[in-house]
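The following points are offered as a colleague's note on the structure shown here. They deal with strand pairing, nonpolar packing, aromatic contacts and one loop residue.

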Amino acid sequence: MTSHSLTAERRTDTKHSSLRSLRQSGRIPAVVYGTQTESMPVSVDAKELAKVARTGRSEVFKLKVEGSSDLDVIIKDYQRKAGEWMHVDFMHISANKPIKVRVPIDFQGTAAGTKVGGVLQHQETELEVEALPANLPSAITVDVSHMEIGDKLIAGDIQLPSGVTLVASPEELVASVTASRMATEAQAADESVAAEGEEAAETATEDNNE
């Protein structure tokens, strides 16, 4: 568990106009829910939320709600617009019950294929896993330095931390290295030149035979 905490205030007015005013005052509307908690509309300070969110969406922290005991929560979902927080869903969790979350993927290294004209493409930036709250990583590190042009990385190839199991399909495509358009066009041009050379050689041979 983490020592991070966030203070929340209960809210009763959920009209769009009040939500807009709330955001303009520097607070973000949110909802707390979970198997042991009834849905509870709250609001949190935008700057404080940003500090907590930096540690990772799957990180467990304390939500201090006025008039209620502290809750262990994670950021289950959120909405952002133009880089600004719009809404957050906090999920109240139990320390001894596994939970399913999407954890950010931290791609490390420079793919070998990019050094010879390839392009590394990220098909996924998060991976759905399951673990006890204490075992949830803030990010999953993936080394892509070995990837050559044509290589693909699927979810089942990723080594997960101890105590963490994969929920996503093992065949889910996570990353790939493809030839760049420039390299592809250059290769096509080379093949065209080679073909023209072979055709010219065949024509010369036929002329000599005549």
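1. Glu130 has Thr165, a residue of strand 12, as its bridge partner. Strand 12 comprises residues 165-166 and pairs with strand 9 through two bridges in the antiparallel sense. The coordinates discussed throughout are those of a predicted model.

2. Strand 9 also pairs with strand 7: the two run antiparallel and are joined by six bridges. Within this pairing, Val103 is placed opposite Leu127 of strand 9. Strand 7 in turn pairs with strand 10, here in the parallel sense and over four bridges. Asp106 has its bridge partner in strand 10, namely Thr141.

3. Which order do the four strands of the open sheet take? The order is 10-7-9-12, with mixed pairing. Strand 10 and strand 12 occupy the edges; each has a single partner strand, so one side of each lacks a neighbour in the sheet. As general background, strands of a sheet pair through backbone hydrogen bonds, in either a parallel or an antiparallel manner.

4. The largest nonpolar core holds 26 residues, and the members that touch the most others are Leu127, Val129, Val142 and Val174. Two or more residues come from each of strand 7 (99-108), strand 9 (126-131), strand 10 (140-143) and strand 13 (173-179). The greatest contribution is that of strand 7, which supplies five residues.

5. What does Val174 touch beyond residues up to four places away in sequence? Its contacts include Ile105 and Phe107, the run Gln121, His122, Gln123 and Glu124, and also Leu153, Ile154, Ala155 and Ile158. A second core, separate from the one to which Val174 belongs, has 20 residues, among them Val42, Phe61, Leu63 and Val65.

6. The model contains two aromatic pairs by the rule applied. Phe61 and Phe90 form an edge-to-face pair, with 6.0 Å from centre to centre and 85° between the planes. The pair links distant parts of the chain, as Phe61 belongs to strand 4 (residues 61-65) and Phe90 to strand 6 (residues 84-92), 29 residues apart. Both Phe61 and Phe90 are buried.

7. Why is the pair of Tyr78 and Trp85 described as tilted? The ring centres are 5.2 Å apart and the planes lie at 55°; planes over 60 degrees apart would count as edge-to-face and planes under 30 as stacked, so this angle falls in the remaining class. Tyr78 is partly exposed, with a relative accessibility of 31%, whereas Trp85 is buried at 13%. Arg80 is positioned over the face of Trp85, 4.7 Å from the ring centre.

8. Is Thr114 buried or partly exposed? With 28% relative accessibility, Thr114 counts as partly exposed, because the class of buried residues is restricted to values under 20%. Thr114 is located in the loop between strand 7 and strand 8 (118-122). The side chain of Thr114 reaches the backbone oxygen of Ala111 at 2.6 Å. Leaving aside residues up to four places away in sequence, Thr114 touches Val119 and Leu120. Thr114 and Met147 are separated by 33 residues in sequence, and the C-alpha to C-alpha distance between them is 8.7 Å.

Key. Residues are numbered from 1 along each chain as its sequence is written. This is a predicted model: local features need pLDDT of at least 70, side-chain atom pairs count only at pLDDT 80 or more; totals for chains, interfaces and linings use all residues. Side-chain values use heavy atoms; hydrogens and water are left out. A nonpolar core is a set of buried Ala, Val, Leu, Ile, Met, Phe, Trp, Tyr and Cys residues joined through side-chain atoms within 4.5 Å. Buried means under 20% relative accessible area, exposed over 50%, partly exposed in between (1.4 Å probe, protein chains only). Contact means heavy atoms within 4.5 Å. Two strands pair if DSSP finds at least two bridges between them. Rings of Phe, Tyr and Trp (its six-membered ring) pair if their centres lie within 6.5 Å; planes under 30 degrees apart count as stacked, over 60 as edge-to-face and the rest as tilted. A charge sits over a ring if NZ of Lys or CZ of Arg is within 6 Å of the ring centre and within 35 degrees of the ring normal. A polar contact is a pair of N or O atoms within 3.5 Å; within protein, one must be able to donate a hydrogen and the other to accept it, and residues adjacent in sequence count only if both atoms are side-chain atoms.
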